[in-house]
Amino acid sequence: MDKLQAIRGVAFDLDGTLVDSAPGLAYAVDSALYALELPQAGEPRVITWIGNGADVLVQRALKWAREEKAAQRIAAGKPALDAMDIPEEEQARMLRKLFDRYYGEVVEESSFLFPDVEQTLHALHDNGMPMALVTNKPTPFVAPLLEALGIAKFFTVIIGGDDVTNKKPHPEPLLMVLEKLGLAAPELLFVGDSRNDILAAQAAGCCSVGLTYGYNYGEAIALSKPDIIFDHFRDLLPALGLPHSDNQELKNE
């Protein structure tokens with residue numbers, strides 16, 4: 001934990017790190033697929049596609065759905081492609097628009113904080129730790145979600161997927177955080193649940209924490225070689241030297 005002694009600020013990923021957003025994302029993906037008469041994927045599969053922003057999520061969903069539909073047609077003794085199918089490029093545009101519409105309907109009510117997130121953020125904030133949020137989620141969804149969950153007040157800097165040219169795993173979002181917080185790379189800790197988070201931290205020269213409970217495409221976070229691995233969000237507190245008396249107030253899972 002020696003690397004954490006230099007930490008003067010903490011940045012967090014959103015989906016899979018602070019928030020369980022899988023139910024809403026899966027609903028939006030499956031509703032959009034259904035609207036285009038394509039097979040629905042289901043939440044367990046959608047979880048493996050989360051992490052690179054909405055464009056990539058929709059691309060992965062469409063690729064799977066087209067392949068699944070073709071396999072179903074072949075199994076039924078029909079040609080893989082239906083002459084009446086919408087061209088793939090047009091399907092992709094329609095699917096993205098439908099996804100935004102359906103996700104906008106449920107983003108707040110279908111997203112939930114993971115255990116101890118609010119209490120841990122509160123403790124860090126009360127101890128004067130500057131915090132930032134860095135997510136690939138489309139920017140228009142970010143602020144309303146943070147407000148609805150009651151955690152917007154903890155972040156000095158909030159960077160959504162539309163606020164940068166290059167999303168994670170590119171270091172651009174974290175380099176922006178460093179500039180806005182006035183920190184050097186070794187002074188910022190980035191906490192995430194996926195390889196994109198760890199790669200972004202490594203590219204920016206920041207220390208990283210990988211959480212084991214997130215999505216990460218079905219892979220173990222250890223494979224991405226974060227500097228530190230935690231099973232619980234609350235493990236951040238003792239690692240950053242928060243007094244044990246504050247730590248005792250946290251709610252157990």
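The paragraphs below lead through a predicted model, from its domains and the space between them to its salt bridges and its unusual backbone positions.

The domain assignment divides the protein chain into domain 1 (9-18 + 114-240) and domain 2 (22-105). Domain 1 is thus written as two stretches, 9-18 and 114-240, with domain 2 given as the single range 22-105. The C-alpha centres of domain 1 and domain 2 are 28 Å apart. Where the domains touch, domain 1 supplies eleven residues to the contact and domain 2 supplies 14 residues.

The next topic is enclosed space. Rolling a probe the size of a water molecule over the atoms shows where empty space is left. Searching the whole structure yields one cavity of 30 Å³ or more. The volume of the largest cavity is about 210 Å³. This cavity is lined by 22 residues, and those closest to its centre are D15, I50, G51, N52 and G53. Helices α3, α4 and α8 (195-204) are the elements that each give two or more residues to the lining. The lining of the largest cavity is mixed in class, with eight nonpolar, eight polar and six charged residues. Where does the largest cavity lie with respect to domain 1 and domain 2? Because domain 1 (9-18 + 114-240) and domain 2 (22-105) both give residues to its lining, the largest cavity lies between them.

Helix α3 also holds R60. With a relative accessible area of 25%, R60 is classed as partly exposed, because a residue counts as buried only under 20% and as exposed only over 50%. Apart from neighbours within four places in sequence, R60 is in contact with W49, N52 and Y217. One of these partners, N52, is also among the residues closest to the centre of the largest cavity. R60 and T48 are twelve residues apart in sequence, and their C-alpha atoms are 9.6 Å apart in space.

Attention now turns to charged side chains. The model has 13 salt bridges, counted where a side-chain nitrogen of Lys or Arg is within 4 Å of a carboxyl oxygen of Asp or Glu. One of them joins the side chains of D55 and R96, with an N to O distance of 2.2 Å. This pair links distant parts of the chain, since D55 belongs to helix α3 (residues 54-75) and R96 to helix α4 (residues 88-106), 41 residues apart. D55 is partly exposed, its relative accessible area being 40%.

A second salt bridge pairs R73 with D82, whose closest N and O atoms are 3.7 Å apart. Are R73 and D82 buried or partly exposed? R73 counts as buried, because its relative accessibility is 16% and the limit for burial is under 20%. D82, by contrast, is partly exposed, with a relative accessible area of 26%.

A third salt bridge joins the side chains of R93 and E90, at 2.4 Å from N to O. R93 and E90 are three residues apart in helix α4, so about one helical turn separates them. R93 is partly exposed at 43% relative accessibility, and E90 is likewise partly exposed, with a relative accessible area of 30%. Elsewhere, D13, K168 and D197 are joined into one network by salt bridges that share partners.

K168 leads on to the backbone. Most residues other than glycine have a negative phi, and most peptide bonds are trans. The peptide bond from K168 to P169, however, is cis, with omega near 20°. P169 is located in the loop between β5 (157-159) and α7 (172-181).

Two further positions concern phi. E37, which is not a glycine, has a positive phi of about 60°. E37 is placed in the loop between α1 (22-35) and α2 (43-47), and at 65% relative accessibility E37 counts as exposed. N216 has a positive phi as well, near 50°, and is also a residue other than glycine. N216 occupies the loop between β7 (207-211) and β8 (228-230). Is N216 buried or exposed? N216 is buried, because its relative accessible area is 2% and the limit for burial is under 20%.

Conventions
Residues are numbered from 1 along each chain as its sequence is written. This is a predicted model: local features need pLDDT of at least 70, side-chain atom pairs count only at pLDDT 80 or more; totals for chains, interfaces and linings use all residues. Side-chain values use heavy atoms; hydrogens and water are left out. Helices (H or I, at least four residues) and strands (E, at least two) are DSSP runs, numbered from the N terminus. Buried means under 20% relative accessible area, exposed over 50%, partly exposed in between (1.4 Å probe, protein chains only). On a 1 Å grid over the protein atoms alone, a cavity is a set of points where a 1.4 Å probe fits but cannot get out, and a pocket is an open set with protein on both sides within 12 Å along at least five of seven lines; lining residues have an atom within 4 Å of a point. Grid points are joined across faces, edges and corners, and a volume is the space filled by probe spheres set on the points. Ala, Val, Leu, Ile, Met, Phe, Trp, Tyr, Cys and Pro count as nonpolar, Asp, Glu, Lys and Arg as charged, and the others, Gly among them, as polar. Domain bounds come from an automatic or database domain assignment. Contact means heavy atoms within 4.5 Å.
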